[in-house]
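Thanks for coming. I have one model to go through today, and I will start with a lysine and then move to charge pairs and a cavity.

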Amino acid sequence: MATTTDYTKMMKDMMGAMPMDTTAFTDMFKTQAALGEKMSKVALEAAEKSTEVSTKWTKATLAKAGELSTAKEDPADYTKAMTDFASASAETAAEHVAAFAEIAKKVQMDTVELLMAAGKDMQEETTAAVKKATDTATKATKAATAK
């Protein structure tokens with residue numbers, strides 16, 4: 001009977017014959033994990049602030065709706081109450097939409113800042129890894145040609 005080839009052993013032997021420094025991969029993973037953590041923090045802060053704005057908006061609307069729903073003696077008072085409610089709602093909407101815009105603006109600025117810093121870090125890591133690889137290759141070439 002034919003025996004099956006043990007590819008696991010073959011791969012271990014092949015990888016062992018080609019020494020490899022995995023610190024670059026480890027550093028890259030750590031950098032990506034740190035970036036992900038910082039981006040999550042930005043997103044969670046924005047979600048928290050957005051929730052606060054939504055809650056304030058809802059409370060303000062409900063307070064004004066309470067005033068709107070009270071019984072009036074004169075039918076004209078209902079028209080006035082509705083007009084006041086619509087006017088106050090438009091004013092509140094403008095304020096809260098502006099608050100949402102500020103949150104979005106901050107998220108955008110924080111994201112750009114994080115990505116710029118991450119790009120700089122990655123560039124430095126890449127430069128260091130390329131320099132190290134070049135030095136290793138140069139040493140290996142000199143050792144091979146010296147024989």
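Lys72 is buried (under 20% relative accessible area, 1.4 Å probe, protein chains only; exposed is over 50%, partly exposed in between), yet has no salt bridge, meaning a side-chain nitrogen of Lys or Arg within 4 Å of a carboxyl oxygen of Asp or Glu. The nearest side chain of opposite charge is Asp77, 7.5 Å away; Lys and Arg count as positive, Asp and Glu as negative, with His and the chain ends not counted.

This is a predicted model: local features need pLDDT of at least 70, and side-chain atom pairs count only at pLDDT 80 or more, while totals for chains, interfaces and linings use all residues. Residues are numbered from 1 along each chain as its sequence is written, and side-chain values use heavy atoms, with hydrogens and water left out.

So what does the side chain of Lys72 reach at 3.1 Å? The backbone oxygen of Glu67.

Lys72 is found in the loop between H2 and H3, helices being DSSP runs of H or I, at least four residues, numbered from the N terminus.

Now the pairs that do form: the count comes to three salt bridges. Asp84 pairs with Lys80, closest N and O atoms 2.8 Å apart. Asp110 meets Lys106, also given as 2.8 Å, N to O, and both lie in helix H3, four residues apart, about one turn. Asp135 and Lys131 meet at 3.4 Å, N to O. Here Asp135 is partly exposed, at 34% relative accessible area, and Lys131 is exposed, at 54%.

Lastly, Lys106 and Asp110 are among the residues lining the largest cavity.

Terms used: 1 Å grid on protein atoms, 1.4 Å probe; cavity = no way out; pocket = protein on both sides within 12 Å on 5 of 7 lines; lining within 4 Å. Helix = DSSP H or I, 4+ residues; strand = E, 2+ residues; numbered from the N terminus. Polar contact = N/O pair within 3.5 Å; in protein donor to acceptor, adjacent residues only side chain to side chain.
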